[in-house]
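User: Could you take a close look at one part of this model for me? I'd like to understand the open sheet and what lies across it.

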Amino acid sequence: MDFRAAEWPLAGSPKRISGIELNQICDIADLAREDPDVIKLWIGEGDLPTPDFIREAALAALDAGQTRYTYALGVPALRQALDRYHKRHWDVDVGADRFSVTAGGVQAIMQAFQAVLNPGDEVIVPVPAWPNLIEIVRILGGKVVPVPYRVAENGGFRLDLDDLFAAVTEKTKVIAINSPSNPTGWIMPREQMSAVLDFARSRGLWIVSDEVYAHFTYDGTLAPSFLELATPTDRLMITNTFSKNWCMTGWRIGWIIFPAGMQTVFDNLSQYNTTSVATFVQHAAVAALDKGDDFIKLLVQRSAQGREIICNALDNLPNVRVFWPQGTFYFFFSVHGMNSGYEMARKILRESGVGVAPGSAFGPGGEAYLRVCFAVDPALIQEGADRLVAFLGRSGS
Ligand SMILES: Cc1ncc(COP(=O)(O)O)c(C=O)c1O
């Protein structure tokens, strides 16, 4: 199947734009977004509303007239709150002057790459990977060099650092890491982070580290962060978002931590991309950071329940390879004999009313997989699991 938007070149778009892949997750979701009978486990978001204390902070900011242009890097109160948040959770003093507030995690990634990528530069990306990461690099004229995760006997994913380092050429500019990883649920061990950082230093490479799922782990610890290992002047950019921790996907707010000395670069990038994120949204984000730790705990506990339900249910099927994700809120599984995850996702939607994401949406190596988001009501994930077990039980017999 050709997922490219074939008509675009006629409009004169440059090839790197006309060649953008359609987002297959949205493609499947568009088939039944409004259908109340479909259990929607395709998109990466929890089903809880944004907590009251955040909504109230937004309303208070609106009432207080926080509706005008503001600092491109973000309001000082928010950058200070970000600083406190990182000190509290990672015990690192970043400093408010190393943050830039962006329109979501996706825009944080866009700006991080805008800051360092020249056309033709290579970016090493472990795959399967979140599609936006890959397409952002392409939009900016960079070249994605995929490094497939290896799959262990137990179905678990692991990254072989020899594979990663062997992919480096004289054109390599960035190593992009997403840990905990969407879609695989893999978490990069601290020792690997340290080795990657040493390697990047020795070669003068950048690391772009997407750490949006850092809290979503299932062993009671926070996922390791490059922040804990790096110095302020390492070539490291960390991208993050309010979307996942506080159920704020629609608010469109995230952040970047950039190296000391790059404030003007990010001030300009923010200025010319968005001229800042909505001011009242930034004030609500302060409340999320300062008062939202308990909510994160609740969300992670809820996800842990969802993880138990879906993994246990599918574990019993002979034709499904189950690996319990270490992190994120995604279950990425392969079905024996399945050739196209895309066709399978459509069939599952049609025949059992469950919306899953096709693994092919996540680039090379994802074709044989399906992804389910389990950050939802346990009763709903149970119903989804029951339907999937019935469907996959039938198709496996
Ligand atoms: C790995 C990863 N990074 C970043 C994001 C960005 O999220 P948002 O743009 O909603 O903040 C997502 C969202 O699904 C993601 O999965």
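Analyst: Happy to; here is a walk through the sheet, its helices and then some aromatic rings. Please keep in mind that this is a predicted model.

The open sheet has four strands, in the order β11-β12-β15-β14, and their pairing is antiparallel. At the edges stand β11 (320-321) and β14 (357-358); each has a single partner strand, so one side of each is left without a neighbour in the sheet. For β14, two antiparallel bridges link the strand to β15 (residues 369-373). Looking at individual residues, A357 has R371 in β15 as its bridge partner.

Two helices lie across these strands. Helix α11 (residues 293-315) lies across β11, β12 (330-335) and β15, and runs at about 10 degrees to β12. Helix α12 (residues 341-352) lies across β12, β14 and β15, with an angle of about 50 degrees to β15.

The aromatic rings are worth a look too. One aromatic cluster is made up of Y149, F157, W186, F332, F362 and Y369.

Across the model, the count of aromatic pairs comes to 19. Among them, Y85 and W90 meet edge-to-face, with 5.8 Å centre to centre and 70 degrees between the planes. Y85 is buried because its relative accessibility is 1%, and W90 is buried as well, at 6%. By contrast, the planes of F258 and F266 are at 5 degrees with ring centres 4.7 Å apart, so this pair is stacked. F258 counts as buried at 0% relative accessibility, and F266 is buried with a relative accessible area of 0%.

Note on methods
Residues are numbered from 1 along each chain as its sequence is written. This is a predicted model: local features need pLDDT of at least 70, side-chain atom pairs count only at pLDDT 80 or more; totals for chains, interfaces and linings use all residues. Side-chain values use heavy atoms; hydrogens and water are left out. Two strands pair if DSSP finds at least two bridges between them. Contact means heavy atoms within 4.5 Å. Axes are lines fitted to C-alpha atoms, for helices over the stretch in contact, and angles run from 0 to 180 degrees between N-to-C directions. Rings of Phe, Tyr and Trp (its six-membered ring) pair if their centres lie within 6.5 Å; planes under 30 degrees apart count as stacked, over 60 as edge-to-face and the rest as tilted. Buried means under 20% relative accessible area, exposed over 50%, partly exposed in between (1.4 Å probe, protein chains only).
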